[in-house]
Amino acid sequence: MRGEVTSHGVSLLAKLQPVRGTHDLLPEDSRRHAHVSGHARDIAARYGYGEISTPIFEFTEVFQRTLGDTSDIVTKEMYTFADRGGSSLTLRPENTAGVARALISGGLSQNLPLKFFYNGPMFRYERPQKGRLRQFHQIGAELLGVPEPLGDIEIITLGAHVLNDIGVLGKTTLELNSLGDAESRAAYRDALVGYLSGHVDALSEESRERLTRNPLRILDSKNDSDRAVIKNAPRLEDSLNEPSRAFFSTVCEGLDRLGIAFTHNTHLVRGLDYYCHTAFEFTTTELGAQGAVLAGGRYDGLVEVMGGPATPGVGWAAGLERLAMLADAPPDAPRPVAVIPIGDDAQTVALEVTNQLRRAGFTVDLGFRGNLSKRMKKANQARAVAAVIIGEDEIERGAATVRDLESGDQQEVPFNSLAGALGVYKHASEAQS
Ligand code: ATP
Ligand code: MG
């Protein structure tokens with residue numbers, strides 16, 4: 001436990017810090033996030049994807065089984081703890097496993113296909129840096145129960161559509177690959193292990209370990225010596241059987257027809273056996289080392305691996321923090337009307353006036369203290385469109401002084417007609433969605 005607790009029960013933390021790799025989202029940040037996730041949710045809805053929210057923790061097994069014992073996430077990045085009842089729980093590092101668990105435990109596979117959108121915090125113990133956090137947020141989409149390549153096309157199109165509408169698509173490239181079906185993968189695995197076994201001495205220790213447990217992951221290695229070996233490795237493409245090639249061609253042709261540009265990256269892989277066919281990633285060069293913006297693929301074996309009925313799936317996830325850094329700025333926040341009471345009697349009237357205007361749809365700032373000039377300064381800082389000034393004179397006359405803060409023009413408006421008279425400011429002051 002950090003800090004000391006005094007006899008008064010007060011914690012004496014010299015510097016109370018957030019946990020490394022976590023961020024407070026202040027209102028401005030939240031607006032940027034909501035701009036991105038709101039667009040994504042709306043677009044997903046147009047494709048028929050309804051929002052799902054699964055718990056932020058699951059039994060550890062849910063992730064261990066689906067992400068595989070050798071993945072970086074499981075070996076190094078999970079927040080795993082025993083709860084007070086002794087169950088091993090893990091804060092979700094991603095949401096596909098949770099969605100698959102929900103499908104199984106909720107018996108949802110009676111109604112396939114299912115289309116889900118999600119948005120929420122994920123947790124990974126990583127080295128924090130720009131665009132890489134320990135609590136971050138993802139939006140994502142999952143399509144379950146569609147084995148045809150049309151599903152892959154739809155899911156990629158949805159991703160591109162979201163990126164486009166927030167102004168990010170033009171800053172990314174779409175990389176695409178095919179892992180083929182189970183037979184093709186097995187053939188490739190053999191070819192790869194055969195090749196790499198002849199170069200064991202040049203491989204990093206980590207890759208040597210992966211050679212037996214998860215050889216495809218070696219293709220992902222950033223190690224220079226590994227990269228030199230990988231350069232001449234057999235290509236996944238050459239191991240694809242006919243049906244796998246046809247599947248991939250259909251996906252590529254579909255994207256072509258829809259005008260979605262992509263490059264074929266033969267090194268783009270997913271290590272786990274339940275992944276198949278399409279793997280894709282929208283990457284950017286604008287965020288330094290954190291190039292992955294939106295990534296996904298087909299996972300036909302996942303639900304079965306978890307003990308559910310065999311259910312094909314394809315989906316993607318995108319980091320909200322990375323998207324928010326790249327996205328167009330959200331529309332300006334609504335400009336408030338400032339209600340400025342002067343004197344004690346005016347406070348009560350101001351409360352009533354404020355209440356009336358807020359109910360009529362205006363964004364209203366009610367000054368709590370200070371003299372007129374201080375309050376006017378605050379109103380200007382808040383970019384208020386107009387000030388509604390209520391002092392003793394005004395109370396006597398039953399009318400407020402309304403000052404246009406752009407022109408400085410003033411007019412007298414009876415308290416009960418304020419909402420109507422302020423109509424010209426309605427648009428600027430209305431909460432935008
Ligand atoms: P990376 O190569 O950057 O570690 P990843 O392959 O681990 O990414 P995925 O598991 O595919 O990422 O997650 C999908 C998206 O979530 C990524 O493309 C990225 O935008 C985002 N993301 C992943 N990890 C983090 C993190 N620690 N902080 C912020 N965003 C993240
Ligand atoms: Mg990662």
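A residue counts as near a molecule if one of its heavy atoms lies within 4 Å of it. With that cut-off, turn to ligand 1 in this predicted model. The ligand has 14 residues around it. Arg 124, Glu 126, Arg 132, Leu 133 and Gln 138 come nearest.

Take the make-up of this shell next. By class, 7 of its residues are nonpolar, 3 are polar and 4 are charged. Several strands contribute. Strand S6 (135-144), strand S10 (292-298) and strand S11 (313-319) each supply at least two residues. S10 gives the most, with 4 residues.

Now look at the polar atoms facing the ligand's oxygens. In the side chain of Gln 138, an N or O atom is 3.0 Å from an oxygen atom of ligand 1. The backbone takes part as well. Ala 292 has a backbone N or O atom 3.0 Å from an oxygen atom of the ligand. For Val 293, a polar backbone atom is 3.2 Å from an oxygen atom of ligand 1. Taken alone, the ligand exposes 590 Å², and the protein buries 81% of that.

Leave the ligand and move to the protein surface. Ile 56, Phe 57 and Phe 81 make a nonpolar patch of about 250 Å² there. Phe 81 belongs to strand S3, residues 79-82. Its relative accessible area is 34%. Partly exposed covers values between the 20% limit for buried and the 50% limit for exposed, so Phe 81 is partly exposed. Patch residues need over 30% relative accessible area, and Phe 81 has 34%.

Key. Residues numbered from 1 in each chain as written. Chains lettered and ligands numbered in written order. Predicted model: local features only at pLDDT ≥ 70, side-chain atom pairs only at ≥ 80, totals over all residues. Heavy atoms only, no water. Polar contact = N/O pair within 3.5 Å; in protein donor to acceptor, adjacent residues only side chain to side chain. Areas by Shrake-Rupley, 256 points an atom, 1.4 Å probe, with all protein chains shown as cover. Nonpolar A, V, L, I, M, F, W, Y, C, P; charged D, E, K, R; others polar. Patch = residues over 30% accessible without salt bridge, like charges linked within 9 Å, V, L, I, M, F, W, Y side chains within 5 Å. Salt bridge = Lys/Arg side-chain N within 4 Å of Asp/Glu carboxyl O. Buried < 20%, exposed > 50% of the residue type's maximum accessible area, 1.4 Å probe, protein only.
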